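Trainee: I am new to this model and should like to examine one part of it closely. May I put a question to you once the sequence and the structure are before us?

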Amino acid sequence: MFHKIKQISKQFHILILIIIICCFVGCGAQKKNVSQIEEDDGIIVGFSQIGAESAWRTYNTRSVQEAAAERGVQLVYDNAEQKQENQIKALRSFIAYQVDVIVFVPIVTDGWDNVLQEARDAGIPVLVTDRKIDVEDQSLYAGFIGTDSLKEGRNAGLFVLDTFKNEREHFDNDKEYINIVELFGTEGSSVALGRAEGFRDVLETHPEFRIIYSKSGDFLRSKGYELAVEFLEMHEDIDVIFSHNDGMTLGAIEAMEERGLHPGTDIVIVTIDAQQEAIDALREGKVNCVIECNPKTGSEIIKLAEKLAAGENIPRIQYVHEEVFYETDDLSLIEPRGY
Ligand code: GZL
Ligand code: ZN
């Protein structure tokens, strides 16, 4: 009998042991799975985006979010709703959360030194994208990836120069100048400053061109409309509109058509971004030149963030590919833009 009891208790102990082992193995497996999940979860990236002011911006955000999802990167996304102070708060929360990498689109060039110093003190590398920053200590961020706004502005200037190059001979005698209106992007943003500078670089040696009106529409369609109402009231003889983004251009076109004007014919229009509606307007002859500013940078951004998380270096400056679409091109070849 005793032997029998001993046998049962031994079996019981083995059972308990098996349960414990299963539990540990299970837990172990579970533990392995948990650590595996943590590994599979990949790095954590804090992404501070400006807002959703244009089709370009919303596509840019989507591009980053989709790339992060594809590569198993955890993205902590913040929409600053066009306010720098919101971006600084977001960066501070990323630091507190101890993300692996910070990626941000600086709405304007200045005012980032302190918060980037805090990121560096926390040992968190920073990738700047889309817009550039001016900081005392360039080592406060690892690198930049985005578009070349100076080149975009130069391409706009070259198009205007080329469009009017033979114009002077046809000037009726009292017309001395080719009058340009500029719809400026966000004040203090590197892309608006770059586009304005590039445009002026090209035309500065051609005094027959003059900018008679330049105001910021903050890259917003609604403000593009409002500025057009104003400059059409103020000026009779406008030859060109140079607009820093398609959103403002589309607002201005609406105001022109309300006044019976024919955009693209009565007034030459050159615009930047190349969102679908601008390509459609190019096909309809309502704009004459669309300069691409490529928002599809998500996969490059995430790859660079992964490199930074792994302690690797990245290029200091990286520009993405961009095209220029002219009214004289075979416009049927342009792929759907997606934004
Ligand atoms: C350009 C980007 C600009 C776009 C606008 O790189 O920062 O901001 O041209 C967007 O459409 O609002
Ligand atoms: Zn000239």
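Is Thr271 buried or exposed? Please begin your account there and continue to whatever surrounds ligand 1.

Mentor: Please keep in mind throughout that this is a predicted model. Thr271 is buried, because its relative accessible area is 1%, which falls under the 20% that marks a buried residue. The residue belongs to strand β9. Its C-alpha atom lies 9.2 Å from that of Gly247, although 24 residues separate the two in sequence.

Strand β9 covers residues 268–273, and Asp273 belongs to this strand as well. Asp273 is likewise buried, with a relative accessibility of 4%. Its backbone calls for a comment. Most residues other than glycine have a negative phi. Asp273, which is not a glycine, has a positive phi of about 135 degrees. Ala274 is a further residue to inspect in this respect: its phi is also positive, at about 75 degrees, and it too is not a glycine. Ala274 is placed in the loop between β9 and α10, a helix of residues 276–283. With a relative accessible area of 0%, Ala274 is buried.

Asp273 also leads to the ligand. A polar atom of the Asp273 side chain is 2.5 Å from an oxygen atom of ligand 1. Considered on its own, ligand 1 exposes 320 Å², and 100% of that area is buried by the protein. The secondary-structure elements that contribute two or more residues to the shell around ligand 1 are α2, residues 55–70, and α7, residues 190–203. As for its location, ligand 1 occupies the largest cavity.

Let us now consider the residues around this molecule. There are 13 of them, and those that come nearest are Glu53, Asp130, Arg131, Arg195 and Asp273. Glu53 places a polar side-chain atom 2.5 Å from an oxygen atom of ligand 1. Arg57 supplies a further contact: an N or O atom of its side chain is 3.0 Å from an oxygen atom of the ligand.

Arg131, one of the residues that come nearest to ligand 1, is situated in a loop. That loop runs between β4, residues 126–129, and β5, residues 143–146. Arg131 counts as buried because its relative accessible area is 2%. A polar atom of its side chain lies 3.0 Å from the backbone oxygen of Ile107.

Some residues elsewhere in the chain complete the picture. His244 is found in the loop that joins β8, residues 240–243, to α9, residues 246–258. At 0% relative accessibility, His244 is buried. The C-alpha atoms of His244 and Ala156 are 9.6 Å apart, with these positions 88 residues apart along the chain.

Helix α5, which spans residues 149–163, includes Leu161. The relative accessibility of Leu161 is 18%, so it counts as buried. Its C-alpha atom is 7.2 Å from that of Leu203, and the two residues are 42 apart along the chain. Lys151 is another member of helix α5. Unlike a buried residue, Lys151 is partly exposed, with a relative accessible area of 44%. From C-alpha to C-alpha, Lys151 and Glu197 are separated by 9.4 Å in space and by 46 residues in sequence.

Finally, the model contains a zinc ion, ligand 2. It is coordinated by His206 through ND1 and by Glu208 through OE, at 2.0 to 2.1 Å. His206 is partly exposed, since its relative accessible area is 24%, whereas Glu208 is buried at 15%.

To return to your question, Thr271 is buried, and the strand that contains it, β9, also holds Asp273, whose side chain has a polar atom 2.5 Å from an oxygen atom of ligand 1.

Terms used. Residues are numbered from 1 along each chain as its sequence is written. Chains are lettered from A and ligands numbered from 1 in the order in which they are written. This is a predicted model: local features need pLDDT of at least 70, side-chain atom pairs count only at pLDDT 80 or more; totals for chains, interfaces and linings use all residues. Side-chain values use heavy atoms; hydrogens and water are left out. Donors are N, O and S atoms within 2.8 Å of the metal (3.2 Å for Na, K and Ca); water is not among the atoms, so sites may look incomplete. Buried means under 20% relative accessible area, exposed over 50%, partly exposed in between (1.4 Å probe, protein chains only). A residue is near a molecule or strand if one of its heavy atoms lies within 4 Å of it. A polar contact is a pair of N or O atoms within 3.5 Å; within protein, one must be able to donate a hydrogen and the other to accept it, and residues adjacent in sequence count only if both atoms are side-chain atoms. Accessible areas come from the Shrake-Rupley method with a 1.4 Å probe; for residues, only the protein chains shown count as cover. On a 1 Å grid over the protein atoms alone, a cavity is a set of points where a 1.4 Å probe fits but cannot get out, and a pocket is an open set with protein on both sides within 12 Å along at least five of seven lines; lining residues have an atom within 4 Å of a point. A molecule sits in a cavity or pocket if more than half of its atoms lie within 2 Å of its grid points. Helices (H or I, at least four residues) and strands (E, at least two) are DSSP runs, numbered from the N terminus.
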